[in-house]
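Q: I should like to learn how empty space and ring contacts are read from a model. Where should one begin?

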Amino acid sequence: MQNVLCQTYESSAGNQDKSDKIYEEKVCRLLATLLHPQLDFAQAQSRTESGCQIRDLVFYNNCSEPIFKEIFDKYTSYQLVFELKNVKEISREHIAQVNRYLNDNFGVIVTRNRPSKNIKQHLIDLWSGQRKCILVMTDEDLQLMVDLYENKQRKPYEVLKKLLVEFHRSCPT
């Protein structure tokens, strides 16, 4: 498991030398392993019915754990959409893209680094205006998930729970 994450880190940010595709492929495999069986039926490069939109990774939300039941109840999320961005810094454009993909009101952007203060504020504003929750998961979070998986201390999905709790704490009530 550690090797997959190390290989993911070795690919450079951006899309030169197909590093974006390599990143997507490795992160999809990694998340499918780390989140199973709590999230299942992972589908990479999932197309919408019209075929106009391709979501990087989608899981079926079977509400098997309280956190996923909460996501279902609060955001009506039958599926969890993960958008993988092999970039040094996410932008408002990346967030707008994910927002367009969300049939439900919950999604996750997986990227290399923590978002800037302005991007965090934009995510909070999106939640305030539309009640859409978009979390940002970084390489650091993926590493923590791998550590939990390998050490069997806690379940890797609890990193997602941590991100959701932190997000809710930052939003106005």
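A: Let us begin with the enclosed space. In this predicted model, the largest cavity has a volume of about 40 Å³.

Q: How is such a space found, and how many cavities of 30 Å³ or more are there?

A: Rolling a probe the size of a water molecule over the atoms shows where empty space is left. Here the count comes to one cavity of 30 Å³ or more.

Q: Which residues line the largest cavity?

A: The lining of the largest cavity consists of Arg55, Gln79, Val81, Tyr101, Leu102, Asn103, Asp104 and Phe106. By character, these lining residues divide into four nonpolar, two polar and two charged.

Q: How many aromatic pairs does the structure hold, and how is the geometry of a pair read?

A: There are five aromatic pairs in the structure. One reads the distance between ring centres and the angle between planes, where over 60 degrees counts as edge-to-face. Among the pairs is that of Phe41 and Tyr60, which is edge-to-face, at 6.3 Å centre to centre with 70 degrees between the planes. Because Phe41 belongs to strand 1 (residues 40–47) and Tyr60 to strand 2 (residues 54–60), this pair ties together parts that are 19 residues apart in sequence.

Q: Is Phe41 buried or exposed?

A: Phe41 is exposed, its relative accessible area being 62%, whereas Tyr60 is partly exposed at 42%. In another pair, the ring centres of Phe72 and Tyr78 are 5.0 Å apart and their planes stand at 85 degrees, so this pair is also edge-to-face. Phe72 is partly exposed, with a relative accessible area of 23%.

Q: Which residue lies over the face of Trp127?

A: Arg131 does, at 3.9 Å from the ring centre. Likewise, Lys152 lies over the face of Tyr149, at 5.9 Å from the ring centre.

Notes. Residues are numbered from 1 along each chain as its sequence is written. This is a predicted model: local features need pLDDT of at least 70, side-chain atom pairs count only at pLDDT 80 or more; totals for chains, interfaces and linings use all residues. Side-chain values use heavy atoms; hydrogens and water are left out. Rings of Phe, Tyr and Trp (its six-membered ring) pair if their centres lie within 6.5 Å; planes under 30 degrees apart count as stacked, over 60 as edge-to-face and the rest as tilted. Helices (H or I, at least four residues) and strands (E, at least two) are DSSP runs, numbered from the N terminus. Buried means under 20% relative accessible area, exposed over 50%, partly exposed in between (1.4 Å probe, protein chains only). A charge sits over a ring if NZ of Lys or CZ of Arg is within 6 Å of the ring centre and within 35 degrees of the ring normal. On a 1 Å grid over the protein atoms alone, a cavity is a set of points where a 1.4 Å probe fits but cannot get out, and a pocket is an open set with protein on both sides within 12 Å along at least five of seven lines; lining residues have an atom within 4 Å of a point. Grid points are joined across faces, edges and corners, and a volume is the space filled by probe spheres set on the points. Ala, Val, Leu, Ile, Met, Phe, Trp, Tyr, Cys and Pro count as nonpolar, Asp, Glu, Lys and Arg as charged, and the others, Gly among them, as polar.
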